[in-house]
Amino acid sequence: MIINGVEMRGLAVEDAAGLADVLTRNRAYMAPYEPERPEAFYTEAGQRARIEGLLGERDAGRLVPYVFTETATGAVVGAMNLGSIARGPLCSGGVGYWVDRAWHGKGLATAGLEEVVRTARDELGLHRIEAGTLVDNTASIRVLAKVGFTEFGLAPRYLHINGAWRDHRLFQRLLHDDPPPA
């Protein structure tokens with residue numbers, strides 16, 4: 001899928017160097033929204049190991065990882081995933097995403113999330129998707145609202161972000177009311 005000169009595609013091990021680069025460049029900018037990470041996280045080797053783990057989760061049916069790359073240069077400019085996929089009576093997953101600071105406000109997260117919703121509903125048969133965001137992350141809250149997510153709760157001290165337990169607003173999008181796939 002192409003969005004404003006950026007391709008959203010499945011994550012590959014070959015994305016390790018590009019992810020290390022964009023994460024390093026955006027480290028200070030993303031710090032208020034991210035858990036504290038070890039230094040190895042920002043290296044190509046660290047990203048390669050992380051991607052290999054993510055692809056194992058994908059192969060087990062628990063995760064669908066994506067990456068955003070500039071079509072002209074191939075540079076990585078963000079990532080999105082549909083994870084924590086549960087089957088059976090829950091039939092649900094959770095979404096997470098981030099975009100390079102230089103690409104904020106250009107519709108990547110919104111278009112990418114719309115594609116994840118389509119995949120979750122039409123290909124995976126999930127009933128719902130949820131997302132959590134820091135209570136003051138207005139950009140992410142706007143993206144979720146544009147794609148039809150509704151707030152359903154507040155999770156006090158939900159995740160350890162930027163050195164402290166932070167409250168999160170919880171959102172969901174119901175995809176259909178069919179029974180879970182057999």
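A residue counts as buried when its relative accessible area is under 20%. In this predicted model, Thr133 has a relative accessibility of 3% and therefore counts as buried. Thr133 belongs to strand β6, which covers residues 128–134. The side chain of Thr133 forms a polar contact of 3.5 Å with the side chain of Asn137. Beyond its neighbours within four places in sequence, Thr133 is in contact with Ser140, Ile141, Leu144, Asp167, His168, Arg169 and Phe171.

One of these partners, His168, offers a good next stop. His168 sits in strand β8, formed by residues 164–174, and is likewise to be classed as buried because its relative accessibility is 3%. The side chain of His168 reaches the backbone oxygen of Arg166 at 3.1 Å. When residues up to four places away in sequence are set aside, His168 touches Gly132, Thr133, Leu134 and Val135, as well as Gly153, Leu154, Ala155, Tyr158, Leu159 and Ile161.

Another partner of Thr133, Leu144, leads to a pair of helices. Leu144 is among the residues of α5 that meet α4: Ala109, Thr110 and Leu113 on the α4 side face Val143, Leu144 and Lys146 on the α5 side. By class, this contact between α4 and α5 comprises four nonpolar residues, one polar residue and one charged residue. Helix α4 spans residues 108–123 and helix α5 spans residues 138–146; their axes come within 9 Å and cross at roughly 40°. The two helices are therefore oblique to each other, and their crossing is right-handed.

Helix α1 provides a second example of helix packing. Within α1 (residues 16–25), the buried residues are Ala16, Leu19, Ala20, Val22 and Leu23. These buried residues pack against several elements, namely α2 (27–30), α3 (44–59), β4 (76–86) and β5 (92–99). With α3, the axis of α1 comes within 8 Å and crosses at roughly 120°, and the crossing is right-handed. The residues that meet are Ala16, Ala17, Leu19, Ala20 and Leu23 from α1, and Glu44, Gln47, Arg48, Arg50 and Ile51 from α3. Sorted by class, the contact of α1 with α3 holds six nonpolar, one polar and three charged residues.

The loops are worth a visit too. Thr71 lies in the loop between β3 (64–70) and β4, and its relative accessible area of 45% makes Thr71 partly exposed. Thr71 and Ile3 are 68 residues apart in sequence, yet their C-alpha atoms are 9.5 Å apart in space. Leaving out residues up to four places away in sequence, Thr71 touches Ile2, Gly5, Val6 and Glu7.

Finally, two residues stand out for their backbone angles. Most residues other than glycine have a negative phi. Cys91, although not a glycine, has a positive phi of about 45°. Arg157, also not a glycine, has a positive phi of about 45°. As for their settings, Cys91 is placed in the loop between β4 and β5, while Arg157 is part of strand β7, residues 150–161. Cys91 counts as buried because its relative accessibility is 3%, whereas Arg157 is exposed, with a relative accessible area of 58%.

How values were computed: Residues are numbered from 1 along each chain as its sequence is written. This is a predicted model: local features need pLDDT of at least 70, side-chain atom pairs count only at pLDDT 80 or more; totals for chains, interfaces and linings use all residues. Side-chain values use heavy atoms; hydrogens and water are left out. Helices (H or I, at least four residues) and strands (E, at least two) are DSSP runs, numbered from the N terminus. Buried means under 20% relative accessible area, exposed over 50%, partly exposed in between (1.4 Å probe, protein chains only). A polar contact is a pair of N or O atoms within 3.5 Å; within protein, one must be able to donate a hydrogen and the other to accept it, and residues adjacent in sequence count only if both atoms are side-chain atoms. Contact means heavy atoms within 4.5 Å. Axes are lines fitted to C-alpha atoms, for helices over the stretch in contact, and angles run from 0 to 180 degrees between N-to-C directions. Angles under 35 degrees count as roughly parallel, over 145 as roughly antiparallel, 65 to 115 as roughly perpendicular and the rest as oblique. A crossing is left-handed if the near helix is turned anticlockwise from the far one by less than a right angle, and right-handed if clockwise. Ala, Val, Leu, Ile, Met, Phe, Trp, Tyr, Cys and Pro count as nonpolar, Asp, Glu, Lys and Arg as charged, and the others, Gly among them, as polar.
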